[in-house]
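Reader: I'm new to this one and would like to know where its labels come from. Could you show it to me first?

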Amino acid sequence: RFDRTDSPGCALGVYQDGRILYARGYGMASLEHGVAMSPRSVLDVGSISKQFTAMSMLMLQKEGKLSLDDPIRKYIPEMPAYADKITLRRALSQTSGLRDLYVMMAQTGRTFAGDTIDALRVITHSAEPNYEPGARYLYTNSGWILAAQIVYRLTGKTLAQFAEERIFGPLGMHDTRYLADVTTIIPNGAEGYAPRPGGGFRVASSTYDGAIMGAGAVHTSVEDFGVWLNNYDVATVGSRDIIETMTTPTKLNDDSPATSGPNLAYAVGLTVGTLRGLRVAAH
């Protein structure tokens, strides 16, 4: 029902051994301008972005600028005292107990539409965690927003700048970027849409003006993403030990895996597990 000239669509890629075996666009990238979706269309990939943030943090750890076992307050001292017990590893493995920025905003009856300063103000004023750090798995975006801020405080570069210099540029991912400014013009950019009550669609673009960086905000294409997936095999950027960390299930306080679904556990920026006896990394 989406493979139509009057519907927003999607882009599909199938990859094997570093090559794209099949790639195609379905439906439209822009209903307003009548542009069809293609493998070169650039889409907002939402929380799939977290693995790029994880790679950035692990690169800084390899350079000795941080340790995943450091408490968050070492880098974000304005966090409440409970963050002394929350490590970066917990923040990046969905086992921190940090309350989610967007859930907290929803509980006030408002939709978050601010910038990074607004996001930090909400997160750093959260009175307590949801649970003891490491007690269980609960998906939250807040730790990833803090991670983006930590990259900035340690390097003087936004996460968007750091990732371009250290990940996207070296891999030749020229259609990939963190969206740090919602007014940015993205070549080949696909518009976001949502269903309109009563039929049809409405524009549904991000309004998070930089604040969602870290938790989301990466825009990429089917062609570029194949290059990134191949990096898990060849480690052109990062290193084998970084990729091993990203794909190793996180342990909870009781030494059980941080289960995120049937046969899946959360690692660092990814879920990992098995499907039909095969090893899987996913989001």
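Reader: Why are H4 and H5 called oblique to each other?

Author: Before that, a word on the model: it is predicted, so local features need pLDDT of at least 70 and side-chain atom pairs count only at pLDDT 80 or more, while totals for chains, interfaces and linings use all residues. Residues are numbered from 1 along each chain as its sequence is written, and side-chain values use heavy atoms, with hydrogens and water left out. Now the helices: the axes of H4 (residues 116–124) and H5 (residues 142–155) cross at roughly 120° and come within 11 Å. Angles under 35 degrees count as roughly parallel, over 145 as roughly antiparallel, 65 to 115 as roughly perpendicular, and the rest as oblique. The crossing of roughly 120° falls in that last group, so H4 and H5 are oblique.

Reader: How do you get an axis, and what makes something a helix or a strand here?

Author: An axis is a line fitted to C-alpha atoms, for helices over the stretch in contact, and angles run from 0 to 180 degrees between N-to-C directions. Helices (H or I, at least four residues) and strands (E, at least two) are DSSP runs, numbered from the N terminus.

Reader: Which way does H4 pass H5, and which residues make the contact?

Author: H4 goes past H5 in a left-handed crossing, meaning that the near helix is turned anticlockwise from the far one by less than a right angle (clockwise would be right-handed). On the H4 side, the contact is made by Thr116, Ala119, Leu120 and Ile123, and on the H5 side by Ser142, Ile145, Leu146, Gln149 and Arg153. Contact here means heavy atoms within 4.5 Å. Five of these residues are nonpolar, three polar and one charged. For that split, Ala, Val, Leu, Ile, Met, Phe, Trp, Tyr, Cys and Pro count as nonpolar, Asp, Glu, Lys and Arg as charged, and the others, Gly among them, as polar.

Reader: How do H1 and H5 cross, and what kinds of residue meet there?

Author: The axes of H1 (residues 50–62) and H5 cross at roughly 40° and come within 10 Å. This crossing is left-handed. H1 brings Lys50, Thr53, Ala54, Met57 and Leu60 to the contact, and H5 brings Trp144, Ala147, Ile150, Val151, Leu154 and Thr155. They divide into eight nonpolar, two polar and one charged.

Reader: What makes Ala91 buried rather than exposed?

Author: Buried means under 20% relative accessible area, exposed over 50%, and partly exposed in between (1.4 Å probe, protein chains only). Ala91 has 2%, so it is buried. You'll find Ala91 in helix H2 (residues 88–91). Beyond its neighbours within four places in sequence, Ala91 contacts Ile72, Ser96, Leu98, Gly143 and Trp144. Trp144 also belongs to the H5 side of the contact with H1.

Reader: And which class do Thr247, Ala235 and Asn188 fall into?

Author: Thr247, at 10%, is buried. Thr247 sits in the loop between helix H8 (240–246) and strand S10 (259–261) and, neighbours within four places in sequence aside, touches Ala267, Leu270, Val272 and Arg279. Ala235, at 15%, also counts as buried, and lies in the loop between helix H7 (222–234) and H8. Asn188 comes out at 43%, so partly exposed is the label. Asn188 belongs to the loop between S6 and strand S7 (193–195). Although not a glycine, Asn188 has a positive phi of about 65°.

Reader: Why do S5 and S6 stand at the edges of their sheet?

Author: This open sheet of three strands runs in the order S5-S9-S6, with antiparallel pairing. Strands S5 (43–44) and S6 (177–178) each have a single partner strand, so one side of each is left without a neighbour in the sheet. Two strands pair if DSSP finds at least two bridges between them, and two bridges join S6 to S9 (residues 218–220). Tyr178 has Val218 as its bridge partner in S9.

Reader: Which strands form the hairpin with two residues between them?

Author: S1 and S2 do, and Asp17 in the turn has a positive phi of about 55°. Seven bridges link S1 (residues 10–16) and S2 (residues 19–26) in the antiparallel sense. Among the partners, Gln16 is bridged to Arg19 in S2.
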